[in-house]
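Work through the exercises below with the sequence and the model side by side. Try each task before reading its solution.

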Amino acid sequence: MSKVSDFLKNEYKIISTLIYTTGVFGVVFEFANFNREYFLLGVKGVAFISAIFLFIEWINYTRQENYKITSKELEIENRKLLNQATVDRRELEEYFLLWVHQIKTPITVSNLILQKSEFEDKNKLKEQMFYIEEYTNMAINYLKLMDRDADMDITSISLDSLIRSLLKKYSMLFIEKHISLDYNHISANVISDTKWLSILIEQILANAIKYTESGTIQITFEEDSNTLKIRDTGIGIRSEDLGKIFDRGYSGFNGRINEKSSGLGLYLVKTIANVINVKVNAQSTLNVGSVFSIRFPSN
């Protein structure tokens with residue numbers, strides 16, 4: 001009804017003119033004592049032509065209103081896209097500022113090792129070069145994740161095969177840091193994207209190794225809850241930091257003390273988890289260790 005009311009208001013002058021003109025002719029016919037049948041015939045003709053005119057105007061009015069609505073919707077959508085582009089650009093800038101800070105640490109350590117007269121820390125240098133490669137891969141993966149048109153290959157994945165390939169990749173760090181591994185065969189398969197799930201688990205495993213100076217890393221799978229758990233005996237996380245560890249750039253007290261974290265790894269974990277629809281949470285006790293749980297949806 002409001003649309004019809006707006007239309008009538010829009011055509012108010014034309015309608016008023018027709019009514020006024022018809023009234024004038026009615027008065028003229030009355031005073032001139034003309035045949036009223038001619039007047040009524042003329043009124044019918046004017047009414048018919050007016051109805052056709054108003055119908056055409058109504059169609060044009062409706063079309064224009066639809067154009068206005070579509071234009072507004074496009075304007076709102078365009079504004080959203082511009083805002084999203086601004087947010088994405090800001091996130092990208094912030095991410096790589098932190099990434100540059102993170103990668104500087106292993107580069108600095110590598111340069112210090114190379115400056116020694118005797119090349120006795122070959123394994124230590126290998127470890128730092130390994131981290132440089134991993135941080136570079138992290139940046140590449142983040143860029144790929146930012147591509148919203150990236151294809152996902154959802155399939156059945158053998159957790160055992162995926163985890164064993166990661167353990168093989170990180171075997172040098174287990175040996176170098178004298179960290180024990182507690183892992184038994186996992187028979188479960190999960191439905192996910194192999195590449196992104198591998199990156200997610202790898203980041204949690206890398207953090208466990210990075211913050212464990214000695215002790216054990218345990219990897220288990222609970223079939224009743226469809227949950228993969230990675231436990232370490234590392235430095236742990238303060239309770240006041242625990243709720244913020246997945247925020248971009250948040251390294252917490254431990255990260256600041258050890259200068260090993262820029263708060264990018266777990267942010268990448270959270271972002272990937274949202275994309276592949278898994279739940280990741282952490283439990284930790286300072287100076288005791290941490291447990292990261294990855295819960296998969298029902299197959």
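**Exercise 1.** What percentage of the 299 residues of the protein count as buried?

*Solution.* The model is predicted, so local features need pLDDT of at least 70 and side-chain atom pairs count only at pLDDT 80 or more, while totals for chains, interfaces and linings use all residues. Residues are numbered from 1 along each chain as its sequence is written, and side-chain values use heavy atoms, with hydrogens and water left out. Buried means under 20% relative accessible area (1.4 Å probe, protein chains only). By this cut-off, 35% of the 299 residues are buried.

**Exercise 2.** Find which residues touch the most other members of the largest nonpolar core, and which helix gives the most to this core.

*Solution.* A nonpolar core is a set of buried Ala, Val, Leu, Ile, Met, Phe, Trp, Tyr and Cys residues joined through side-chain atoms within 4.5 Å. The largest one holds 57 residues, and Leu200 and Ile201 touch the most other members. Helix α7 (residues 194-210) gives the most to this core, ten residues. Helices are DSSP runs of H or I with at least four residues, numbered from the N terminus.

**Exercise 3.** Describe how helices α5 and α7 are placed relative to each other.

*Solution.* First, take the axes, which are lines fitted to C-alpha atoms over the stretch in contact. The axes of α5 (residues 159-169) and α7 come within 10 Å and cross at roughly 50 degrees. Angles under 35 degrees count as roughly parallel, over 145 as roughly antiparallel, 65 to 115 as roughly perpendicular and the rest as oblique. The two helices are therefore oblique to each other. Last, look at contacts (heavy atoms within 4.5 Å): Ile201 touches Leu159, Leu162 and Leu166, among others.

Definitions and conventions: Buried means under 20% relative accessible area, exposed over 50%, partly exposed in between (1.4 Å probe, protein chains only). Axes are lines fitted to C-alpha atoms, for helices over the stretch in contact, and angles run from 0 to 180 degrees between N-to-C directions. Lists of a residue's contacts leave out its neighbours within four places in sequence.
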